[in-house]
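Reader: I'm in my first year and still finding my feet with protein structures. Could you pick one part of this one and take me through it slowly, explaining the terms as you go?

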Amino acid sequence: MTQIDQIDCKSATAVPRRLSFSSQVLREFLIVLDSITILSVALVTYYVVVGNQTDERAYYGAAIAFVWLVSVSLMNFASLYQLEPVMRPLAFVDKFVIAFATTFLFLLAAAFGIKISDSFSRVWIASYAVSGCLSIVVVRYLASVCLDALSERHVFERRLAIVGNNEQARRLMHHIDVSRPSFISVLGVFDAGGTQPNANADAVLGDLDELSRYVWSKRVDDVVVALPWSSDDQILGVMSKLRELPVNVYLASDLIGFRLPFRPSPDHFGDVPLVEVMGQPFPGWGGIKKRCLDYALAIALLPLVLPIAALVALAIKLEDGGPVFFRQARYGFGNEVFWIWKFRTMRVDQPASDKTVQATPGDERVTRVGRFLRRTSIDEMPQIFNVLAGQMSLVGPRPHAVDHNEEYSRLIRGYFARHRVKPGITGWAQVNGHRGATKAVQQMEARVKYDIYYTENWSLLFDLKILLMTIAVSISGRNAY
């Protein structure tokens, strides 16, 4: 149960003034703080590396302004000004790195495009990129420590009162106690009357009339009405009383809302009162952005892929003279079957089998060349043509063999949810260690869990993060045989 500030409403006295926390104000403060940090680092690196004796001051000034505006915009786009990244910046270091790396790639592209790249010191650009990103992370960490300390001392807080003495209020308080949102102080529960079960007797501070006096004396910021949605007349009556008070009033979710996520419905429904509990994986322009990223990177990688593919083909032929490629039927987007292409890594003298047998450590079926290809994931390289054909994406749930799909779909509830997006050459499950053979259903359940998380939390930065992590995983060769 959430700890409640047990106060007698009838004898309540005014509390000392404190600062009411606002996430919007904090967001704007951090934008200013990040801007000061980025510009300060720019000037320090400029005078240390370049010095003041240069005829290119205007170019450097334009570059600094460019980095400032683009980096802050990308951090905002990556949701790094929301409360969780603000309070836990070290958990989002990857997003800070990607934002700064993308910013300086844009800077270099612009400089080359307008043919002024020779005007800049390469040492300055590198030192600015590294020190700028590092400084932002350090400043954000120090800011989070300060905010956390102020929150613990109740200097910054939002005081919350709950209306409703029922099961719904109990679940709400339990949810707050488990999730422990920063800056929220639950003061207590106020009974709205009626025939509600007495689920929070120890936390009840009074009724609605006492809530009015309590709000003025204790400077309550927010009131949450936790009543069943079917009690619409009662809710309207409560709202009419709360309208007279200087507080923000929220309607808590009905009981089903503690089991399903609720989001605002898109505005193409107009004024129809709806909440969204499930959406498409890539809403709005998301699908177009992802396809553009797939095709752009696939085309850009072709000059690198083709020479490597030629060498791999030669190595396979020299080892046993068999076919270079291997293809297999896999389930893809919308449960449609397509042919996936790989470099052949197993001997050609293996008997045909109706059931797919996954490779295991020391598997005698794997050739010497194939073992290297599997360990480095180079055997997956031909799938770039599956991407160009629109059958796959660079990032997405890995496609499984048809018989494995049919088997696991019977054993794992919601298995086919991973097919709501195109399969990928790499995926969130693979870079988190869930690759290779699955000897138990629990291993596949963990893989499916990561795949579904990806489909529900996709972003372009998320894709870029997975691609960078894939490079590290391929070098290590973990769980690849």
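Author: Let's begin with two rings: Trp124 and Tyr128 both lie in helix H5, four residues apart, which is about one turn of the helix. Helices here are DSSP runs of H or I with at least four residues, strands are runs of E with at least two, and the numbering starts from the N terminus. Before going on, a word on the source: this is a predicted model, where local features need pLDDT of at least 70 and side-chain atom pairs count only at pLDDT 80 or more, while totals for chains, interfaces and linings use all residues. Residues are numbered from 1 along each chain as its sequence is written, and side-chain values use heavy atoms, with hydrogens and water left out.

Back to the rings. Both Trp124 and Tyr128 are buried (under 20% relative accessible area; exposed is over 50% and partly exposed is in between, with a 1.4 Å probe and protein chains only). Across the protein, buried residues make up 42% of the 481 residues.

Now for ring pairs, of which the structure holds 17. Rings of Phe, Tyr and Trp (its six-membered ring) pair if their centres lie within 6.5 Å; planes under 30 degrees apart are stacked, over 60 edge-to-face, and the rest tilted. Phe104 and Tyr128 make an edge-to-face pair, 5.3 Å centre to centre with 90° between the planes. That pair links distant parts of the chain, with Phe104 in helix H4 and Tyr128 in helix H5 (residues 122-152), 24 residues apart. Phe104 and Tyr128 are both buried. The rings of Trp124 and Tyr128 have centres 5.2 Å apart and planes at 35°, so this pair is tilted.

Follow the ring pairs further and you get a cluster of Tyr46, Tyr47, Tyr60, Phe104, Phe120, Trp124 and Tyr128. Take Tyr60, which is found in helix H2. Tyr60 counts as buried because its relative accessibility is 4%. Leaving aside neighbours within four places in sequence, Tyr60 is in contact (heavy atoms within 4.5 Å) with Tyr46, Val50, Ser119, Phe120, Ser121 and Trp124. One of these, Ser119, is 59 residues from Tyr60 in sequence, yet their C-alpha atoms are 8.5 Å apart in space.

What about the helices carrying these rings? H2 (residues 57-77) packs with H4 (residues 93-113) at an angle of about 140°, the axes being 9 Å apart. Axes are lines fitted to C-alpha atoms, for helices over the stretch in contact, and angles between N-to-C directions run from 0 to 180 degrees. H2 and H4 are therefore oblique to each other (under 35 degrees is roughly parallel, over 145 roughly antiparallel, 65 to 115 roughly perpendicular and the rest oblique). In this contact, Ala63, Phe66, Val67, Val70, Ser71, Leu74 and Met75 from H2 meet Phe96, Ala99, Phe100, Thr102, Thr103, Phe104, Phe106 and Leu107 from H4.

On to helix H1 (residues 23-50): H1 and H2 pack at about 150°, with axes 10 Å apart. H1 and H2 are therefore roughly antiparallel to each other. Here Tyr46 and Val50 are among the H1 residues in the contact, and Tyr60 is one of those in H2.
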